[in-house]
Every structure is written in C-alpha cells, then in structure tokens.
Amino acid sequence: MLYQQIVQIHLINKKYVKQNIFIIKPHINIYKKKRDEIDNKIFIGKSSLVTVEVMGNKKINKVSLNIEELESDDKEMLEDMILTALNDAMNQIDKETESKM
C-alpha cells in the first residue's frame, strides 16, 4: 500500500515537472543570457593611484598604477589602494548581478 502511494506521488510529480518545464525553461534562458551579459562586461574599479579592470566573472584583466605620484615609502598605502580598487570593481559586479537577477 505504501509503495503504491509512493509510486503514485512520483508519477504526479513527474507529470507536474513535464507540464511546467515550458514555464520554467524561458526563465532559465533569460537568467543565462543576463549572466552571460554580466560575465562579459568589464568593470573598472578605482582608487587614487590604482585602476583595475575586472570581468563580470571576477577575472582580473588589468591593474594600472599611477606611480608618478608614488613615493618610495608608500608601499603599504599602494597595497591598500589596490585592495580598495579591486573591492570597488567586485562591488559593481555584485550590484549589477543583483539588479539583473
């Protein structure tokens, strides 16, 4: 008796999935398209001496330094600026992902 109920529930669930796949599939395609748009977009993060280019998939493409303004003892400050610029670009990716998804 219990086995028959389990089989019946399984068949109902299978039928439900088949009926609703046509509703779900377009949403999956829209999600994939928006995810691809974000993954292929370049986000530029900036701090005073540092600029970074990061892809939407969070791959870092480029780090640029304006070293003309940098003094020799400012290594720690430069490291902080790189971190700030990277976080800025990552935050932009997160915001765009949240707004489109």
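This briefing walks through the fold, the strand pairing, the salt bridges and one surface patch of the structure above. The model is predicted, so it helps to start with how confident the predictor is. The chain has a mean pLDDT of 79, and 72% of its residues reach 70 or more. Its secondary structure comes to 2 helices and 3 strands, which follow the pattern α-β-β-β-α when read along the sequence.

**The chain as a whole**

- Confidence varies between the elements: helix α1 (residues 2–39) has the lowest mean pLDDT of them, 73, while strand β1 (residues 42–47) has the highest, 88.
- The chain has 101 residues, and 22% of them count as buried.
- The accessible surface of the chain is about 8,100 Å², with carbon and sulfur atoms supplying 57% of that area.
- Take the contacts between residues at least 6 apart in sequence: 50% of these join residues at least 24 apart.

**How the strands pair**

- Start with β1, which pairs with strand β2 (residues 50–55) in the antiparallel sense, over 6 bridges.
- A hairpin makes the link from β1 to β2, using 2 residues.
- To find a spot where these two strands face each other, look for Gly-45, which stands opposite Val-52 in β2.
- Next, β2 also pairs with β3, again in the antiparallel sense, this time over 5 bridges.
- Thr-51 marks a place in this second pairing, as its bridge partner in β3 is Ser-64.
- The hairpin of β2 and β3 has 4 residues between the strands, and Lys-58 there takes a positive phi near 70°.

**Salt bridges: the general picture**

- Side chains of opposite charge can pair when their charged atoms come close.
- The structure holds 5 salt bridges, and the points below look at some of them.

**A salt bridge within helix α1**

- Arg-35 forms a salt bridge with Asp-39, and their closest N and O atoms are 2.8 Å apart.
- Both residues belong to helix α1, where a spacing of 4 residues is about one turn of the helix.
- Arg-35 has a relative accessible area of 22%, so it is classed as partly exposed.

**A salt bridge between a loop and helix α2**

- Lys-58, the residue with the positive phi, also takes part in a salt bridge: its partner is Asp-94, with the closest N and O atoms 3.1 Å apart.
- Because Lys-58 is in the loop between β2 and β3 and Asp-94 is in helix α2, this pair ties together parts that are 36 residues apart in sequence.
- Both partners are partly exposed: Lys-58 has a relative accessible area of 40%, and Asp-94 has 38%.

**Glu-96 and its partners**

- Glu-96 sits in helix α2 (residues 75–100).
- Is Glu-96 buried or exposed? With a relative accessible area of 15%, Glu-96 falls under the 20% cut-off, so it counts as buried.
- Setting aside neighbours within four places in sequence, Glu-96 is in contact with Ile-38, Lys-41 and Phe-43.
- Glu-96 also meets Lys-100 in a salt bridge between their side chains, at 3.3 Å from N to O.
- Unlike buried Glu-96, Lys-100 is partly exposed, with a relative accessible area of 29%.
- The two residues are 4 apart in helix α2, about one turn of the helix.
- The pair belongs to a wider group: salt bridges that share partners join Glu-37, Lys-41, Glu-96 and Lys-100 into one network.

**A nonpolar patch on the surface**

- Which residues form a nonpolar patch on the surface? They are Ile-60, Val-63, Leu-65 and Ile-67, and together they have about 340 Å² of accessible area.
- One of these, Ile-60, lies in strand β3 (residues 60–65).
- Ile-60 counts as partly exposed because its relative accessibility is 41%, which lies between the 20% and 50% cut-offs.
- As a point to keep in mind when looking at any such strand, the side chains of a regular strand alternate between the two faces of the sheet.

Definitions and conventions
Residues numbered from 1 in each chain as written. Predicted model: local features only at pLDDT ≥ 70, side-chain atom pairs only at ≥ 80, totals over all residues. Heavy atoms only, no water. Patch = residues over 30% accessible without salt bridge, like charges linked within 9 Å, V, L, I, M, F, W, Y side chains within 5 Å. Areas by Shrake-Rupley, 256 points an atom, 1.4 Å probe, with all protein chains shown as cover. Salt bridge = Lys/Arg side-chain N within 4 Å of Asp/Glu carboxyl O. Buried < 20%, exposed > 50% of the residue type's maximum accessible area, 1.4 Å probe, protein only. pLDDT = per-residue confidence, 0-100. Contact = heavy atoms within 4.5 Å. Pairing = 2+ DSSP bridges.
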